[in-house]
Amino acid sequence: MLSDLTMKQRRHEKRMGARSVAGCVVAAFLWSVASAQLRYSISEETNEGTVVGNVAKDLGLDKSTLKDRKYRIVSSDADPLFYVSQNDGVLYVRRKIDREEVCAQSSTHSLVLTALDGGKPPKSGNMNIVVNVLDVNDNTPVFSKDVYSVLLSENAPIGTTVIQVNATDLDDGQNGEIYYSFGNSVSNQLFAIFDINPSTGEITVKGVIDYEQKDKYEIEIEASDKGLAPLTTEKSVIIKIVDVNDNAPEIEVTSFSSSIPEDSRPGTTTIS
């Protein structure tokens, strides 16, 4: 028979072995959570409660353990954009997202999911969730000036730069790229006199500028983005033509006949 001391030693070894296994399980849990990363994408302007992704399913978690393990998103933001439900393990939108407002620096949001393991005492583990907020074409182009007005000398050579308009768009990608054009109200006559660069917004002289024909032009300019459903803004450009002394004076001579006495005094009016 084994002595009492030997039995105690064996029981102690079993307890230490069990603790060692539990420690390995905890270590494996923490390593797997810390090394994992989930990535989701969602469009901006989605409503509160919209599903971003099923975290529990993607990580193979048992939904019945979520509350005990205290799965949650840790955020320093007083009003976070996302949260994980401990009922179903789904990542939801907490409030409506305006990408231009909350994603000024980056459209990618890095979240930290934290949870407790089943050990005693419990230890926590973290993992990263990356959410990319996709742009929606919800901003119209905005011109840099309220009024565009310029003076242009008549007879300006073809190719002369008249003025350059500029507009910006807060949206991303093609939704924020601008192209310029004349508005629908611009007549064929103006198309024959002026041209606009669709990329730069530079208006140039294309035809003959004659003050005597017209001393002022008002042109509607459009700035549109390149989204699938383009948004457009209009602005008027006023061009005032400066007169140049390019017309010689015309003298009209009319012949008259009149008789005066030969002894008329100096200063006598001959024709009135």
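**Exercises on a sheet and a core**

In this predicted model, β10 and β14 pair in the antiparallel sense over three bridges, where pairing requires that DSSP finds at least two bridges between two strands, and strands are DSSP runs (E, at least two residues), as helices are runs of H or I with at least four, numbered from the N terminus. Residues are numbered from 1 along each chain as its sequence is written. Because the model is predicted, local features need pLDDT of at least 70 and side-chain atom pairs count only at pLDDT 80 or more, while totals for chains, interfaces and linings use all residues, and side-chain values use heavy atoms, without hydrogens and water.

**Exercise 1.** Determine the strand order of the open sheet that contains β10.

*Solution.* Start from T161, which stands opposite T204 in β14. Extending from this pair, the open sheet of three strands reads β10-β14-β13, with antiparallel pairing. β10 and β13 are the edge strands, since each pairs on one side only.

**Exercise 2.** Identify which strand gives the most to the largest nonpolar core.

*Solution.* A nonpolar core is a set of buried (under 20% relative accessible area, 1.4 Å probe, protein chains only) Ala, Val, Leu, Ile, Met, Phe, Trp, Tyr and Cys residues joined through side-chain atoms within 4.5 Å. The largest such core has 27 residues, and I239 is among those with the most contacts inside it. Several elements, including α5 (188–193) and β16 (232–242), each supply at least two residues of this core. The strand sought is β15, with four residues.

Terms used
Buried means under 20% relative accessible area, exposed over 50%, partly exposed in between (1.4 Å probe, protein chains only).
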